[in-house]
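Morning, everyone. I have one structure to walk you through. Please look at it while I talk.

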Amino acid sequence: MSRKNQTLGEFIIENQAEFQYSSGELSRLINSIRLAAKVVNHEVNKAGLVDIVGAVGETNIQGEDQQKLDVMANDTFIRTLTNRNILCGIASEENDDFISLEGQNGDNNNKYILLMDPLDGSSNIDVNVSVGTIFSIYRRVTPPGTPVTIEDFLQPGREQVAAGYIVYGTSTMIVYTTGHGVNGFTLNPAIGTFYLSHPNMQFPEMGNIYSVNEGNYVHFPDGVKKYIKYCQEEAEGRPYTSRYIGSLVSDIHRNMIKGGIYMYPKSSKATNGKLRLLYECNPMAFIAEQAGGKASDGYTRILDLKPTELHERVPFFCGSRLMVEKAESFMNND
Ligand code: AHM
Ligand code: MG
């Protein structure tokens with residue numbers, strides 16, 4: 001249930017009943033993500049001051065070492081989540097391996113694991129363009145009381161219990177799902193509070209935006225080339241509008257609000273595309289489906305893929321259902 005002026009904190013408490021088996025851990029987890037998001041938001045907002053306070057690797061006027069923002073975001077999320085003792089494991093796009101957390105008294109009794117891309121699109125920071133954080137939460141599959149193993153992290157995306165993203169944009173938003181629809185909260189920076197601004201977000205079934213790095217066109221498979229040409233033809237409401245920020249979170253966020261398709265296909269240069277299944281595609285696919293959209297690798301539902309390694313990449317087509325289906329039909333007929 002949502003109501004006017006509802007804060008994220010109130011929303012979490014009022015909707016806790018929807019978390020099956022919940023003993024409040026998932027609520028505490030979302031609360032911790034909210035806290036880390038505010039810290040990262042504060043740092044990202046200062047990024048333009050780098051010439052004044054000192055560049056990465058230098059010491060600033062307060063005598064603090066400047067950290068790269070993606071490293072800072074990674075550290076902030078890991079520290080905030082570890083300190084609150086609600087997870088048994090974390091995997092991050094920034095770390096080679098997963099981290100096993102012991103929990104209180106070293107008992108390994110926590111049941112959730114989290115995977116994240118702490119600062120996606122970070123090459124956009126230097127030019128003042130939106131970046132984001134993406135997270136994905138699962139229940140562990142190995143027995144409680146033992147250290148987590150790789151099996152806990154290599155679950156198909158359909159097993160996610162929650163997923164979300166934070167967009168550090170013209171305003172900062174948290175958008176997340178626990179499998180009961182998608183809700184978006186906007187930060188009021190003056191008081192540091194997220195308010196429910198986008199209840200029950202829905203991907204329009206059809207849209208007129210296509211988002212893809214067309215610079216890679218010559219390297220794309222024929223089906224993708226044909227679909228791009230289809231988007232550009234003059235017929236039945238086409239040509240569509242091309243919009244590509246190069247920040248996955250922002251591109252998907254815009255398309256979810258306006259209607260559109262995001263594509264990062266495989267190419268002759270990158271045979272599995274670029275995006276990471278566990279940190280980027282699965283959480284975005286869960287959100288897209290919860291909002292009535294669709295996500296696939298061009299042939300197979302993203303959430304049905306069985307991951308084989310932590311940092312695996314997959315081609316990604318995500319957005320308005322009818323647009324993704326159309327792109328798939330071009331791939332299948334090729
Ligand atoms: P990153 O995790 O290294 O930031 O890369 C992911 C980003 C996405 O946000 C974005 O959609 C894509 O890379 C853009 O890649 P490209 O510049 O190849 O179009
Ligand atoms: Mg990324």
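**Leu114 and its surroundings**

Let's start with one residue. Set aside the neighbours within four places in sequence, and Leu114 is in contact with Leu81, Leu87, Ile90, Phe135, Ser136 and Ile137. Keep in mind that this is a predicted model.

Now widen the view. The largest nonpolar core has 91 residues. Leu114 is among those with the most contacts inside it, and so are Leu87 and Ile137. Tyr112, Ile174, Met284 and Cys318 complete that group. Which helix gives the largest share of this core? Helix α8, residues 277-290, with nine residues. In general, nonpolar side chains in soluble globular proteins tend to be buried together.

Next, the sheet. It is open, has eight strands, and its pairing is mixed. The order reads β2-β1-β3-β4-β5-β6-β7-β8. Why do β2 and β8 each have one side without a neighbour in the sheet? They stand at the edges, each with a single partner strand.

Further in, take β5 and β6. These two strands run antiparallel, joined by six bridges. For Gly164, the bridge partner in β6 is Tyr176. Helix α4, residues 69-83, packs on the sheet and touches β1, β3 and β4. The direction of α4 makes about 160° with that of β3.

Back to α8. This helix lies across β1, β3, β4, β5, β6 and β7. The angle between α8 and β4 is about 80°. Buried or exposed? Buried: 14 of the 14 residues of α8, so the helix is largely enclosed by the rest of the structure. After α8 comes Gly292, with a positive phi near 85°.

Conventions
Residues are numbered from 1 along each chain as its sequence is written. Chains are lettered from A and ligands numbered from 1 in the order in which they are written. This is a predicted model: local features need pLDDT of at least 70, side-chain atom pairs count only at pLDDT 80 or more; totals for chains, interfaces and linings use all residues. A nonpolar core is a set of buried Ala, Val, Leu, Ile, Met, Phe, Trp, Tyr and Cys residues joined through C-beta atoms within 7 Å. A residue is buried if 20 or more other C-beta atoms lie within 10 Å of its own, exposed if 12 or fewer, and partly exposed in between; C-beta atoms are placed from the backbone. Helices (H or I, at least four residues) and strands (E, at least two) are DSSP runs, numbered from the N terminus. Two residues are in contact if their C-beta atoms, placed from the backbone, lie within 7 Å. Two strands pair if DSSP finds at least two bridges between them. Axes are lines fitted to C-alpha atoms, for helices over the stretch in contact, and angles run from 0 to 180 degrees between N-to-C directions.
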